Amino acid sequence: MNYATIKPFDIANGPGVRVSLFVSGCTHHCKDCFNPEAWDFDYGEPFDDAVIDHILELMRPHYIRGITYLGGEPFEPQNQPGLLELSRRIKREMPEKSIWSFTGYVLEKDILSKHLGDWAVTEELLSYLDVLVDGPFVASLKNLSLRFRGSSNQRLIDMPATLREGRIVLWDEQQ
């Protein structure tokens, strides 16, 4: 896996101050994508243990609420193993930090259908997420008043509640 960039202080892609990791590689190619250079799986730098260690150091300050995975596409099969290893370390070393992920896939149609690579990897990665923002960016549904998403078809899914209840539970900012 490669990554395009790491933003150490992001306030646009989840609540509070967060670290954002933009992975490389995306097969969606959404019209008017804000990050088309990250469609290329070879774009950016290799994601390795040193990068994971760097991200964990960026996350240690008390004012960092968590991390957000963006892209590219975090749920491309090539990207899931690296994000899974990072997620394991975050939850082991900093369980109070939240993990958010954006995806152009739709949770019930694309991800839970078990067609995005090794299902065991996908399932474990989902288990570490606090919120999944799903659905492709659709330019005709763009809405600048939406918080933490670009178009009205995208949902903020509370993953622990969704996995526990077996149905889509939307994230409530008041939690």
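## Contacts and overall form

Among contacts in the chain between residues at least 6 apart in sequence, 64% link residues at least 24 apart. The model described here is predicted. Of the 175 residues of the chain, 46% count as buried. The C-alpha trace spans about 40 × 35 × 35 Å along its principal axes. A compact globule of 175 residues would have a radius of gyration near 16 Å, and the chain, with 15 Å, therefore agrees with that expectation.

The secondary structure comprises five helices and seven strands. Read along the sequence, these elements follow the pattern β-β-β-α-β-α-β-α-α-β-β-α.

## The nonpolar cores

In soluble globular proteins, nonpolar side chains tend to be buried together. In this model the largest nonpolar core holds 32 residues, of which L21, I55, I67, Y69, F75, L86 and L132 touch the most other members. Two or more residues of this core come from each of strand 1 (2-10), strand 2 (17-23), helix 1 (49-59), strand 4 (64-70), helix 2 (80-93), helix 3 (107-111) and helix 4 (119-128). Helix 1 gives the most to this core, with five residues.

Apart from the largest core lies another core, of nine residues, including F22, V131, V133 and L156.

## L86 and L56

Not counting residues up to four places away in sequence, L86 touches L21, F47, I52, I55, L56, I67 and Y69. Among these partners, L21, I55, I67 and Y69 also appear with L86 in the list of core residues that touch the most other members.

L56 is found in helix 1. L56 counts as buried because its relative accessibility is 0%, below the 20% limit for that class. Leaving aside its neighbours within four places in sequence, L56 is in contact with L86, R89, I90, E93 and M94. H29 precedes L56 by 27 residues along the chain, and the C-alpha atoms of the two are separated by 30 Å.

## The largest pocket

The largest pocket has a volume of about 730 Å³. Its lining is formed by 33 residues, and F34, F102, F137, G150 and Q154 are the closest to its centre. By class, this lining has 16 nonpolar, eleven polar and six charged residues.

F102, one of the residues closest to the centre of this pocket, lies in strand 5. With a relative accessible area of 14%, F102 is buried. Leaving aside neighbours within four places in sequence, F102 is in contact with N13, T68, Y69, L70, E73, P74, V133, F148 and R149. Of these contacts, Y69 is listed among the residues of the largest core, whereas V133 is named in the core of nine residues. The C-alpha atoms of F102 and F47, 55 residues apart along the chain, are separated by 18 Å.

## The second largest pocket

About 280 Å³ of space lies in the second largest pocket. Of its 16 lining residues, P15, R65, S98, W100 and W171 are the closest to the centre. The elements that give two or more residues to this lining are strand 4 and strand 5 (98-102). Strand 4 is also among the elements that give two or more residues to the largest core. By class, the lining of the second largest pocket has six nonpolar, three polar and seven charged residues.

## Backbone features in loops

Most residues other than glycine have a negative phi, and most peptide bonds are trans. A cis peptide bond joins G71 and G72, with omega about 20°. G72 is placed in the loop between strand 4 and helix 2.

H29 has a positive phi of about 50° although it is not a glycine. H29 is placed in the loop between strand 2 and strand 3 (45-46). The relative accessibility of H29 is 44%, and H29 therefore counts as partly exposed.

K114, likewise a residue other than glycine, has a positive phi near 65°. The position of K114 is in the loop between helix 3 and helix 4. K114 counts as partly exposed because its relative accessibility is 47%, which does not reach the range over 50% that defines exposed residues.

Methods. Residues numbered from 1 in each chain as written. Predicted model: local features only at pLDDT ≥ 70, side-chain atom pairs only at ≥ 80, totals over all residues. Heavy atoms only, no water. Core = buried A, V, L, I, M, F, W, Y, C linked by side-chain atoms within 4.5 Å. Buried < 20%, exposed > 50% of the residue type's maximum accessible area, 1.4 Å probe, protein only. Helix = DSSP H or I, 4+ residues; strand = E, 2+ residues; numbered from the N terminus. Contact = heavy atoms within 4.5 Å. 1 Å grid on protein atoms, 1.4 Å probe; cavity = no way out; pocket = protein on both sides within 12 Å on 5 of 7 lines; lining within 4 Å. Points joined across faces, edges and corners; volume = space filled by probe spheres on them. Nonpolar A, V, L, I, M, F, W, Y, C, P; charged D, E, K, R; others polar. Rg over C-alpha atoms; globule rule 2.2 N^0.38 Å.
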